[in-house]
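User: I am new to reading structures. Could you take me through this one in short steps?

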Amino acid sequence: MPFYVTTPIFYVNAQPHLGHTYTTVIADAARRFFRMSGEETRFQTGTDEHGDKIAQAAAAEGVSPKEYADRISAMFREAWPNLAIEPDRFIRTTDPDHVATVQAALEKVHEKGDIYFSEYEGLYCVGCERFLTEKELVDGKCPDHLKEPERIAEQNYFFRMSKYQDWLVEHIKANPEFIRPERYRNEILAMLAEPLEDLCISRPKSRLSWGIPLPFDENFVTYVWFDALINYLTGLGYPDGPDFEKFWPGAVHVIAKDILKPHAIFWPTMLRSLGLAPYRGLRVHGYWNVDDTKMSKSLGNVVRPGEMVEKYGAAACRYFLLREMAFGVDSSFSDEAMTARYNSDLANDLGNLFSRSLTMARNFCDSRVPAPAAFENGDLELKEAAEKMVETFKREMRAWNFHRALAEVWLVIGMANRYIVNNAPWELAKEPEKRPRLDTVLHTLLACLRLIALCLFPVMPDKAREMWLSLGLNDREPDFSRDAAWDLLAPGTSLGQPAPLFPRLAKKKTGGKQQQPKAKSGKASNRKKDKGKENLIDISEFSRIDLRLAEIKSAERIEKSDRLLKLTVLAPEERTVVAGIAEHYSPDELIGRQVILVANLKPAKLMGVESHGMVLAIKDGGRLILSSGSERATPGSKVS
RNA sequence: GGCGAUGUAGCUCAGUUGGUUAGAGCAUACGGCUCAUAUCCGUAGUGUCCGGGGUUCAAGUCCCUGCAUCGCCA
């Protein structure tokens with residue numbers, strides 16, 4: 001069946017980060033895998049560009065919404081080629097064909113009678129761009145934006161989603177593969193156990209003009225989901241395009257867990273109303289934390305794909321993302337973890353395996369594929385393991401278990417390294433009568449490397465091609481039907497010259513201590529010396545603490561706490577900090593004061609309020625004195 | 001508050017339908033090799049499988065309960 005994989009279209013209110021990168025990398029890897037499995041494939045990603053937030057951000061910059069969207073959208077489009085990500089279509093919700101498709105779809109659903117006009121009254125938060133329920137409010141304010149929502153009564157169009165609820169429940173129950181992993185399927189079934197409300201799909205133009213006008217009422221624009229989700233159809237040329245019939249039955253959407261509900265509930269009911277089959281599958285992944293902390297702008301720990309690729313290269317980044325995260329659950333990124341994977345898996349195990357193999361082929365066989373003689377048990381074991389690897393790899397990739405698929409490949413990489421030591425080709429090379437054995441061993445080894453490279457194509461296309469070419473194979477896209485046989489290396493073929501595939505990365509230096517290799521005898525005494533200095537920290541340890549000047553914008557007491565104040569500070573971005581200073585300072589006298597803030601402290605919830613940093617103060621007996629500079633300075637200035 | 005997930009070695013995790021002395025990788029220590037990117041190979045470990053109770057000839061695995069962490073819903 002043709003395979004059509006999509007990422008969500010990413011909202012242009014933020015620049016590409018690790019989360020976007022992961023979604024897009026796995027979509028690309030999956031598409032490469034299915035293409036190599038002989039399927040026709042199509043892969044689409046893009047950007048979502050309408051809405052209040054974009055209009056406001058553009059206004060703040062003094063540009064038009066389209067100009068603003070152009071700029072951010074380009075950042076996404078330009079980020080992907082650096083990671084060997086090759087979508088067939090990069091779609092934008094401002095593309096003319098998309099606007100037309102949204103309107104056509106709305107028209108159709110409207111004609112069917114699944115859209116109705118009704119009044120809605122509620123508390124609207126401009127920041128969230130949505131109505132909030134009373135229960136969501138904290139002290140009458142939106143907990144995310146710390147603003148009181150406005151009470152708005154307005155008339156809007158609604159999609160009769162509830163009409164399709166029973167059908168959807170049946171469909172999910174009848175198709176275990178529809179939503180995966182299973183935890184998310186269960187979550188959706190739990191949500192569907194309650195009656196669904198209909199979906200508001202419009203905003204009056206008076207309040208929001210940056211959107212796609214409703215075809216049946218010029219006074220309204222389409223609100224988020226009927227605009228965004230339709231992109232999956234637009235890209236195939238719905239309703240008449242030649243690709244639509246071919247690819248739609250094989251549609252697989254990759255998403256992060258935050259947009260599960262729209263994709264698992266809104267979208268299938270919309271498709272049903274349109275008279276279309278539901279997509280084939282939804283694949284839901286978890287979040288990437290950074291250094292075990294939520295990734296967030298205010299913490300300044302956002303990982304950008306550009307920086308990551310520059311540091312580690314596209315292949316290593318793709319490998320890490322696919323290997324490190326168990327699909328579906330949250331995982332953690334850190335430079336330490338990345339470096340460890342890079343050095344141990346890529347440089348030491350895989351890279352060195354290729355390097356030593358090609359070197360031996362050069363030294364002992366004149367850089368040509370040798371002809372094998374009789375096989376021994378050890379040879380056959382490696383062969384069987386490599387053949388099994390290909391099968392397991394295919395099975396796990398199909399099941400979206402990328403980490404397991406890769407673990408299987410590395411199992412065989414380990415075996416190949418052991419195979420070399422067990423057979424010691426350098427010993428065989430010393431005795432001319434062992435020539436046939438030497439040839440057999442190196443031939444077996446190279447055949448094994450060929451299958452390893454084959455499996456790695458979807459994961460790291462560029463490096464896999466390097467491996468492939470260095471094995472003397474021709475420069476065409478390999479696939480699993482033609483190339484998965486064990487021995488397709490013609491004796492006599494010339495091989496590439498050995499070169500490090502993944503040069504080792506320098507280990508992170510901890511305070512320069514490890515720069516000098518220590519004589520073994522000196523080790524014990526060094527340790528003792530270090531012990532005496534335990535309380536001293538190195539300058540590098542200090543520099544990990546991000547101290548900044550912050551200006552207090554507002555302050556309020558936290559209910560039921562005598563000591564805590566909730567502060568909103570500028571540093572330079574706005575953030576919420578909880579400080580235990582209520583017994584020493586009143587909220588009023590704090591406004592406008594400048595203090596020193598630990599800006600990269602792990603966020604913590606205190607009395608229900610999440611604090612993003614710590615304000616420094618001096619304890620003098622019973623007194624508490626807030627820290628500050630002796631003169632005023634720009635909020636956000638670094639303290640060092 | 002309701003529902004659910006997770007809890008296994010210092011770290012990250014695997015443990016299929018209950019079935020020998022509970023595994024892998026990383027990290028650590030020691031030894032070996034020299035083809036290789038200071039790489040590779042071997043050996044050595046450490047575990048109250050979150051606590052408590054139960055079912056069973058047999059429980060990391062099934063049931064009940066408590067705790068912790070996380071998620072979703074309200």
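Analyst: One definition comes before we start. A polar contact is a pair of N or O atoms within 3.5 Å. Keep in mind that this is a predicted model.

User: How far is the polar side-chain atom of Arg356 from a base nitrogen of RNA strand B?

Analyst: Arg356 is among the closest residues to RNA strand B. The pair joins a polar side-chain atom of Arg356 to a base nitrogen of the RNA. The cut-off for a polar contact is 3.5 Å. The distance here is 2.6 Å.

User: Which residue has a polar backbone atom 2.7 Å from a base nitrogen of RNA strand B?

Analyst: Backbone atoms can be read in the same way. Gly351 has a polar backbone atom 3.3 Å from a base oxygen of RNA strand B. For the base nitrogen at 2.7 Å, the backbone atom belongs to Phe502.

User: Which helix gives the most residues to the surface near RNA strand B?

Analyst: The elements that give two or more residues to this surface include helix 6 (182-192) and helix 15 (402-423). Helix 16 (425-428) and helix 13 (335-365) are also among them. The most, nine residues, come from helix 13.

User: How many charged residues are on the surface near RNA strand B?

Analyst: In total, 26 residues surround the RNA strand. Sort them by class: nine are nonpolar and seven are polar. The charged residues number ten.

User: What share of the atoms of RNA strand B within 4 Å of the protein comes from sugar and phosphate?

Analyst: Take the atoms of RNA strand B that come within 4 Å of the protein. Sugar and phosphate account for a share of 71%.

User: Which backbone oxygen does the side chain of Lys463 reach?

Analyst: Lys463 sits in helix 18 (residues 461-470). Beyond its neighbours within four places in sequence, Lys463 is in contact with Ala315, Leu501 and Phe502. Its side chain reaches, at 2.8 Å, the backbone oxygen of Leu501.

User: How far apart are the end C-alpha atoms of helix 17, and is the helix enclosed or open?

Analyst: Helix 17 covers residues 435-456, which is 22 residues. Of these, 20 are buried, so the helix is largely enclosed by the rest of the structure. At 1.5 Å a residue it should span 32 Å, and the distance between its end C-alpha atoms agrees: 32 Å.

User: Which strands stand at the edges of the sheet with the order 18-17-16-19-22?

Analyst: This is an open sheet of five strands with antiparallel pairing. Strand 17 (residues 565-570) pairs with strand 18 over six bridges. One of the residue pairs is Leu567 with Val577 of strand 18. Two strands have a single partner each, so one side of each lacks a neighbour in the sheet: strand 18 (574-579) and strand 22 (614-615).

User: Which residue is joined to Tyr238 by a cis peptide bond?

Analyst: Most peptide bonds are trans. A cis bond joins Arg180 and Pro181, with omega about -5 degrees. The bond from Tyr238 is also cis, with omega near 5 degrees. It leads to a residue in the loop between helix 8 (231-234) and helix 9 (242-247), namely Pro239.

User: Is Trp400 buried or exposed?

Analyst: Trp400 lies in the loop between helix 14 (377-398) and helix 15. Its phi is near 60 degrees, a positive value in a residue other than glycine. Buried means under 20% relative accessible area. At 5%, Trp400 is buried.

Key:
Residues numbered from 1 in each chain as written. Chains lettered and ligands numbered in written order. Predicted model: local features only at pLDDT ≥ 70, side-chain atom pairs only at ≥ 80, totals over all residues. Heavy atoms only, no water. Helix = DSSP H or I, 4+ residues; strand = E, 2+ residues; numbered from the N terminus. Expected span 1.5 Å × (residues − 1). Buried < 20%, exposed > 50% of the residue type's maximum accessible area, 1.4 Å probe, protein only. Pairing = 2+ DSSP bridges. Near = heavy atom within 4 Å. Polar contact = N/O pair within 3.5 Å; in protein donor to acceptor, adjacent residues only side chain to side chain. Nonpolar A, V, L, I, M, F, W, Y, C, P; charged D, E, K, R; others polar. Contact = heavy atoms within 4.5 Å.
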